[in-house]
Amino acid sequence: MKVSGGEAACYRIRLREPWQSANHTITVFELITARLRTDTGQEGVGWTFTVGTGGTAIAAFLTDDLLPLASGLDPALVERTWHTLYGAVRDAAPGGIALLGLSAVDVALWDLKAQAAGEPLYRLLGASRDRAEAYGSGINLNLPIPDLLAQFRRWRARGFRAFKMKVGSDDPRTDVERVRAVREEIGPDAILMLDANQKWTVADAVRRIRGFEPYDPYWIEEPLPAEDVAGHARLRAQIRCPIALGENLFSAAAFNEFLRHDAVDVVQPDVARVGGITPFLKIAHLAEGYGIPTAPHLVLELSGQLCCTIRLASMIEDLDGGNLTELEALEEPIRTADGYFTPPARPGHGVRFNWDALARWRAEAGHGRG
């Protein structure tokens with residue numbers, strides 16, 4: 001079986017309600033897909049995403065460079081193929097666009113490999129469990145407290161026992177009041193995670209996080225700029241709350257710097273941003289060697305399957321309004337139920353896009369943001 005062709009597209013899906021974190025407001029979710037065909041008549045589908053910028057550039061990069069390079073390669077040799085493709089493009093685009101585009105190709109290759117083996121993806125990868133625990137997550141710093149609490153009540157009605165909220169308001173007292181209100185709403189036994197989206201300095205973070213400690217946060221996510229290894233190590237030595245990070249790290253080497261400097265308690269690789277399933281698994285296994293769990297960032301439909309593969313896995317993130325089912329991108333819904341994700345049972349990754357429904361969101365390079 002060899003790759004015989006492919007196509008890429010960008011879909012700029014407008015969100016029903018804006019998402020707001022400590023450092024940006026998001027109104028558009030960009031879904032970028034790669035469809036690989038083989039000489040045996042199979043099709044593998046991969047995808048990546050952005051939160052509003054660069055999607056058409058990634059689709060063009062796939063069309064002009066990565067997909068032609070993939071032609072003639074064997075999907076069964078995913079490791080070799082990943083390094084072949086990355087080696088061909090890294091000099092021009094060593095980070096973001098190269099890895100975001102490569103992730104879509106890598107996912108499509110794994111889809112083909114699992115289909116050929118007649119196995120669901122998570123079983124092909126060596127399943128360690130049949131389902132993964134999930135938490136309700138919101139990009140919700142803009143919500144007034146009554147609306148914030150209503151969001152948490154909806155999550156509880158869906159069976160979640162763990163939840164994440166944004167912090168990082170300009171006024172520290174506002175943050176504390178919001179966290180206090182949520183803790184009172186969900187009760188003392190529920191898990192509550194906080195996400196600051198790189199908002200603070202070390203000194204600010206120490207003060208802010210100590211203010212949250214009476215409400216028992218399970219972790220504080222990205223309290224400092226993502227690349228600051230030394231700062232996270234200093235912060236971790238001064239607070240009791242565990243630190244989670246990794247959505248803005250892009251290689252196993254970057255994660256290793258945080259791990260070897262005792263600067264992180266939970267790693268959060270994003271399968272799209274690190275370049276796909278192939279490097280994601282390396283990062284998760286690296287973290288396991290340090291005794292550190294992996295809690296993937298977003299991409300519910302793949303992250304859930306990967307967490308069923310990883311032995312030392314934490315929870316997966318079900319972003320309110322941000323999974324492919326809620327974005328109305330799928331033919332068949334893939335949802336968490338009673339706080340857990342169960343992988344699709346069909347061969348491959350089992351994610352089936354609704355191409356007709358997506359067509360209205362298709363975006364082309366050179367036509368502006370629309």
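In which kind of crossing, left-handed or right-handed, does helix 1 pass helix 2? Keep that in mind as you open the viewer. What you have on screen is a predicted model.

**Stop 1: helix 1 and helix 2**

Select residues 55-70 for helix 1 and residues 78-89 for helix 2. Turn the view until you can look along one helix and then the other. The crossing here is right-handed, which settles the opening question. The two helices pack at an angle of about 135°, and their axes are 10 Å apart. Angles over 145 degrees would count as roughly antiparallel, so helix 1 and helix 2 are oblique to each other.

Now show the side chains at the contact. On helix 1, pick Phe61, Leu66, Leu69 and Ala70. On helix 2, pick Leu85, Ala88 and Val89. Colour them by class and you will find 7 nonpolar residues, with no polar and no charged ones.

**Stop 2: helix 6 and helix 7**

Next, select residues 172-186, which form helix 6, and residues 202-212, which form helix 7. How far apart are their axes? They are 9 Å apart, and the helices pack at an angle of about 30°. Because angles under 35 degrees count as roughly parallel, helix 6 and helix 7 are roughly parallel to each other. Helix 6 passes helix 7 in a right-handed crossing.

To see where they touch, display Pro172, Asp175, Val176 and Val179 of helix 6. Then add Arg208, Gly211 and Phe212 of helix 7. The class colours at this contact are mixed: 4 residues are nonpolar, 1 is polar and 2 are charged.

**Stop 3: helix 9 and helix 10**

Move on to helix 9, residues 252-260, and helix 10, residues 277-289. Their axes come within 10 Å and cross at roughly 20°. That angle makes helix 9 roughly parallel to helix 10. The crossing of this pair is right-handed.

Select Ala252, Phe255, Asn256 and Leu259 in helix 9, and you will see them meet Ile283, Leu286 and Ala287 in helix 10. By class, this contact holds 6 nonpolar residues, 1 polar residue and no charged residue.

**Stop 4: the cavity**

For the last stop, turn from helix pairs to empty space. Rolling a probe the size of a water molecule over the atoms shows where such space is left. How many cavities of 30 Å³ or more does a search of the whole structure find? The search finds 1, with a volume of about 150 Å³.

Select Phe29, Val299, Leu300, Glu301 and Gly322 to find the place: among the 14 lining residues, these lie nearest the centre of the cavity. Then highlight strand 2 (25-38), strand 3 (43-50), helix 11 (300-307) and strand 10 (316-319), each of which supplies at least two residues of the lining. Strand 10 gives the largest share, 3 residues. Colour the whole lining by class to finish: 9 residues are nonpolar, 2 are polar and 3 are charged.

How values were computed
Residues numbered from 1 in each chain as written. Predicted model: local features only at pLDDT ≥ 70, side-chain atom pairs only at ≥ 80, totals over all residues. Heavy atoms only, no water. 1 Å grid on protein atoms, 1.4 Å probe; cavity = no way out; pocket = protein on both sides within 12 Å on 5 of 7 lines; lining within 4 Å. Points joined across faces, edges and corners; volume = space filled by probe spheres on them. Helix = DSSP H or I, 4+ residues; strand = E, 2+ residues; numbered from the N terminus. Nonpolar A, V, L, I, M, F, W, Y, C, P; charged D, E, K, R; others polar. Axes fitted to C-alpha atoms, helices over the stretch in contact; angles between N-to-C directions. Parallel < 35°, antiparallel > 145°, perpendicular 65-115°, else oblique. Left-handed = near helix turned anticlockwise from the far one by under 90°. Contact = heavy atoms within 4.5 Å.
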